[in-house]
Structures are given as structure tokens and as C-alpha cells.
Amino acid sequence: AEALTRIEPALDDGLVEPDDRAGRFAFTHALVSSTLVAELNAARLAQHHARITGVIEALRADDLEPWVEDLAHHAAEGLIAGTAPQALTYARRAAASAEAAQSSADVALQLRRAVAAAALIPGFPVQERRDLVHRLGIALRDTNADDGRTMLIEAARLAEAQDDSHALAAILASLDTESLWAGYDWSLHDAGVVAAVERARARPGLSDRDRTLLTMALAGELTYLDNARSNRLFAEAETMAAPLDDPVLSARVLLRWFASVSGPSGRPTRASIGDRLIALDRDTVLPTRLRPLAHLARVSAALEEGDIERARRCVATARMLAHPVRTPTGWAHLQWAEAGLALLDGDLARARAHAAALRPALQRVRPYTADSSPASILAVVECEAGDTDAALGWLRALLASPYAEPIHWLEAWILAEGGRTEEARAALAGFDGPLPDDWLCVPLTTAAIHAAAAVGDLRFLRRHLPGLEPVADRFVFVGEGGLCLGPAGLAAAAAHAALGDPAAARAHAERALAITERMGAVLWLPRVHRLLDELAAT
């Protein structure tokens with residue numbers, strides 16, 4: 001009765017209204033509550049939150065579980081009023097619930113609160129703090145928050161200071177996500193982390209498992225810095241993992257290795273990694289988070305070599321295993337693969353839909369490519385739809401990314417397809433290579449050779465055609481899907497035709513026709529036939 005009497009003026013003034021739950025009231029607008037909060041200094045506000053924490057504990061003592069998130073919030077906001085022990089307890093409980101629900105963002109929120117509370121508890125054990133920071137770093141890593149690596153490196157520093165080699169190995173091995181793509185954006189690396197892992201590997205008394213984890217971690221960090229050494233270390237890590245009889249560890253090594261062999265020279269290794277991952281899943285059933293990735297790992301090599309049935313089979317299996325919440329990384333990879341298959345089928349509406357689904361998926365697991373990756377697909381979709389300006393509009397996201405210079409070659413192809421010869425010639429001049437041995441090498445070189453042949457840039461063709469010739473037998477995607485640029489051999493054929501070698505052009509075009517028919521690439525069959533007709537007429 002007293003509470004109702006006190007709240008009545010606020011009800012009369014329209015500041016508060018009955019909530020949809022009986023016995024509760026809510027502010028009519030967030031502006032009301034924010035204005036009232038702004039009138040309080042930090043100490044008074046913390047005292048209110050501390051009091052609310054105590055009241056909820058008293059009123060709900062018989063069953064606190066439904067109130068744990070509220071308690072975690074109020075106790076965290078009341079830290080300077082002395083609620084640190086309660087904030088730590090409730091944040092840990094709320095984090096455990098969020099982990100069970102596989103909500104990395106909520107886990108990160110609660111563990112931030114726990115770490116802040118622990119810092120205010122005198123004599124709080126260093127090892128417990130390290131474990132909290134490690135868990136927070138993993139949660140932030142899985143949401144791709146900017147400070148995820150910072151937290152993990154701090155946890156590693158604490159483990160190193162405690163001379164705990166086992167914890168140090170586990171923490172450093174968790175720096176990268178479990179994915180088919182590298183943990184860093186294109187060509188980046190962290191020299192400080194490389195040095196930390198090197199120090200850890202030099203520590204005496206490491207167990208076989210710890211040495212395997214650290215070898216895997218170092219290999220992953222060297223993907224862009226020293227790719228040859230990266231691959232040697234991954235091979236070592238796989239050999240070291242085999243006798244440990246730990247299929248999850250073996251799968252983690254293989255997944256990390258996959259990104260390090262993304263270029264054209266890595267196709268046999270990628271195919272082998274995919275086969276080994278599928279075998280691990282068949283023989284042991286991998287954890288839910290890894291299963292779609294295991295099957296998608298076989299897709300890129302299958303698409304490149306024209307084994308469309310295998311590629312579709314692997315994507316179909318991943319489709320049954322991936323989920324946007326339970327397996328967010330696998331779900332993002334699946335949208336990429338599905339978009340590639342839609343382009344292969346000539347279904348532009350379906351490709352647009354998967355590109356649209358890819359953006360929110362990447363915002364969860366790889367936000368720094370959430371704009372550029374879908375844009376690359378949509379640029380090709382709109383080019384195929386005949387809307388050159390729309391295609392170029394999508395390219396703007398890539399031209400503002402670390403990929404900007406080589407993306408000029410994709411821009412040149414779009415312009416050439418749209419008949420804008422002089423602009424295509426200028427775009428080609430925007431980058432003259434070389435490209436690293438990674439996902440972009442074959443697709444962008446194929447696009448550039450097509451454009452150079454269309455505009456008659458013979459200097460460009462003489463410089464870059466030798467780089468495409470060895471992979472002219474491949475069908476062109478970016479990894480396990482994404483944008484589709486047809487048979488590399490068709491670009492080689494067009495180049496030889498422009499350079500005045502019709503015999504070589506015809507040989508490439510006939511091989512391109514065979515793989516295009518096998519793949520069922522409806523958008524590329526007319527292009528191949530058109531070039532063959534032109535060659536027959538000469």
C-alpha cells in the first residue's frame with residue numbers, strides 16, 4: 001500500500017505505467033529513466049543498485065535463479081557501494097547460463113562484470129582471475145570484439161608469470177577461431193603474439209599435448225608472415241596430435257591449417273584436409289560446432305577441380321548440421337558456399353538471398369568482412385544481371401578494405417562485361433600484382449585476364465597470363481563458394497586469342513567447355529560457345 005501511494009503521482013503524470021506483468025510498473029519511455037538516473041551522482045546511483053540487489057535477494061530468497069541476470073546487473077552497477085562479492089557470484093552464474101545457451105555476446109557481458117568485480121576483491125586468487133580473463137577472451141574472440149585478443153594475451157601473461165606452461169599453451173592455442181578462414185584479415189599478423197608463442201614453445205617440460213597446441217598456435221600466427229614455415233609447423237602439429245588419440249585436437253589443427261593453404265598451390269592439401277576432417281567426423285562424431293566446417297572444408301577443392309557432385313554433397317551435409325545460433329561460424333561459411341552454388345546455377349535471386357543472410361552471420365563471427373564479403377558476391381550478381389552501375393556500387397565496400405588494390409581487377413572485369421572499355425583499361429592499371437598465394441589469386445587473375453583480353457591490353461596479358469596457365473584447368477570460386485567467375489581456361493583462351501594464337505585459344509576453350517558442362521554453369525556456357533564460334537570463324 002505504501003509503495004502504491006508513493007508511485008501514484010508518477011502514474012498521474014504519465015511517467016510510469018502498469019507493466020505487462022501483474023504487480024509491476026515500468027517507465028513510459030526510456031528517456032524518463034535516463035533523465036532520473038542522470039540526476040544522481042555515481043555514489044548515490046551505486047547505492048541504489050546495491051539496495052536493489054539486497055531487496056531482490058531478500059524477496060526472492062526461495063528461488064533466485066530467474067533473477068540471476070537482474071542481480072548480476074544491479075550488483076555490477078553497485079560495485080563502489082560494496083557489492084563486488086555478489087557481482088562476482090551472480091555474473092559467474094549468468095555467464096554459465098549464457099554459455100549453455102551458446103550466446104557468446106551475453107557470456108562476454110557477464111564475464112566483463114565478473115572480471116571488474118574480482119579486481120575489487122582484496123586477495124582474489126590470481127589463477128581465478130586468469131581463468132576469468134581467459135574465458136572472457138574466448139567469448140570476445142567468438143564475437144570478434146576488438147579486445148578479444150587483448151584479453152587472451154593478458155591471460156597468457158598471467159599464466160607465464162605463474163610459470164604455468166599447461167595453461168599458457170591452452171590460452172595461446174585459443175587465440176584464433178575455429179574456422180576455414182584465417183583469424184586475421186588479409187595479409188595481417190601480430191609479431192608480439194608470434195614472439196609470445198615462440199617463448200612458450202621454448203619452455204622446458206612441456207607435455208606432448210601442450211607442445212602440439214603451441215605448434216598449432218605458432219603455425220596459425222605465421223599464415224601471412226611466413227607461409228612456408230606455417231605449413232611445415234602445421235604438418236608437425238598434425239603428426240604430434242596423432243598419437244594423443246584426441247580427434248577434437250586433430251580437427252582443430254586441420255581447420256587452422258586449411259586457411260594457410262588457401263591459394264592455388266594448396267589445392268591438394270586442402271582436398272586432403274577435407275577428406276581427413278570428414279573421416280574424423282564419420283569415425284568419432286566431432287563436436288557440434290566443428291561438424292559443418294569439417295564437411296565444408298572439402299568443398300573448395302571439389303569446386304576447383306569440377307567435382308560438382310562431391311561439392312553439392314558436402315554442402316548438403318553441412319546444411320543439415322549448421323545452425324545460425326548453435327554453429328554461427330559454420331552457418332556463415334554455409335551461406336558463402338550456398339551463394340556460390342546459386343551463382344553456378346544461374347539463380348541470381350537465390351544468390352542475393354544467401355548474400356543477405358551472410359552479412360548478419362559475419363557480423364557475429366567476422367565483423368570486419370561483414371560488408372566486404374557479401375558485397376563481392378552481390379557485385380558479381382548485379383554484373384550477371386546486366387546492371388554495371390549497381391555492381392560497381394557493391395564494389396565500394398571492397399575498395400575501402402585491405403583488398404582495395406587487387407579488387408581493381410574485379411572492377412575491370414565488371415566494366416569490361418558492361419562494355420565500358422576505357423574505364424576497364426584504367427581499372428586494370430590500378431594494380432599490377434603480384435598477388436599472394438591465397439583465395440584471391442585465381443579469381444582476381446581470371447577476372448583481370450578476361451578484362452585485359454576484352455580491352456586488348458596485350459602488355460598486361462603477356463605479364464600475367466603465365467601465372468594463370470598452370471591453373472587453367474580449374475573452375476573459379478573464392479574458397480568454398482562466394483563469387484563465381486567460370487572456368488579459368490576461358491580467360492586463358494580469350495587471352496591467347498587476343499595475343500594471336502588461335503590454336504592455343506581453341507585448346508583452352510574446349511577444355512573450358514568440358515568443365516563448364518560438367519559443372520552445369522548456365523551463365524558461363526554461352527560465353528564459352530561464343531568464343532568457340534569466334535575462333536571457328538577465324
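Is Val 285 buried or exposed in this predicted model? Val 285 is exposed, because its relative accessible area is 53%, and exposed here means over 50%, buried under 20%, and partly exposed in between (1.4 Å probe, protein chains only).

A word on how to read the numbers. Residues are numbered from 1 along each chain as its sequence is written, and side-chain values use heavy atoms, with hydrogens and water left out. Since the model is predicted, local features need pLDDT of at least 70 and side-chain atom pairs count only at pLDDT 80 or more, while totals for chains, interfaces and linings use all residues.

**The chain as a whole**

The chain has 28 helices and four strands; these are DSSP runs numbered from the N terminus, with helices (H or I) of at least four residues and strands (E) of at least two. Its C-alpha atoms fill a box of roughly 95 × 65 × 40 Å along the principal axes. Of the 538 residues, 51% count as buried. The accessible surface comes to about 23,400 Å², and 54% of that belongs to carbon and sulfur atoms; the areas come from the Shrake-Rupley method with a 1.4 Å probe, and for residues only the protein chains shown count as cover.

Now for contacts, meaning heavy atoms within 4.5 Å. Among those between residues at least 6 apart in sequence, 61% join residues at least 24 apart.

**Helix 5 and its neighbours**

Helix 5 covers residues 84-100, and its 17 residues should span 24 Å at 1.5 Å a residue; the end C-alpha atoms are 24 Å apart, which agrees. The expected span is 1.5 Å times one less than the number of residues. Buried residues of helix 5 include Ala 84, Leu 88, Tyr 90 and Ala 94. In an α-helix there are 3.6 residues a turn, so residues three or four places apart point the same way. The buried residues of helix 5 pack against helix 3 (42-59), helix 4 (68-77), helix 6 (104-118) and helix 7 (126-142). After helix 5 comes Gln 102, with a positive phi near 55°.

Val 68, found in helix 4, gives a close-up of this region. Val 68 counts as buried because its relative accessibility is 3%. Leaving aside residues up to four places away in sequence, Val 68 touches Tyr 90, Arg 93 and Ala 94. Val 68 and Arg 93 are 25 residues apart in sequence, and their C-alpha atoms are 7.1 Å apart in space.

**Loops with unusual angles**

Two non-glycine residues with positive phi sit in loops:

| Residue | Phi | Loop | Relative accessible area |
|---|---|---|---|
| Asp 163 | about 60° | helix 8 (148-161) to helix 9 (165-173) | 58%, exposed |
| Val 285 | about 55° | helix 14 (267-284) to helix 15 (291-296) | 53%, exposed |

Elsewhere, a cis peptide bond joins Gly 433 and Pro 434, with omega about -5°. Pro 434 lies in the loop between helix 23 (421-428) and helix 24 (441-455).

**Cysteines**

How many disulfides does a search of the whole structure find? It finds zero, a disulfide being a pair of cysteine sulfur atoms within 2.5 Å. Cys 314 is in no disulfide, and the nearest cysteine sulfur, that of Cys 484, is 18 Å away. Cys 314 counts as buried because its relative accessibility is 7%. For Cys 383, the closest cysteine sulfur is in Cys 484, 12 Å away and so too far for a bond. Cys 383 also counts as buried, at 10% relative accessibility.
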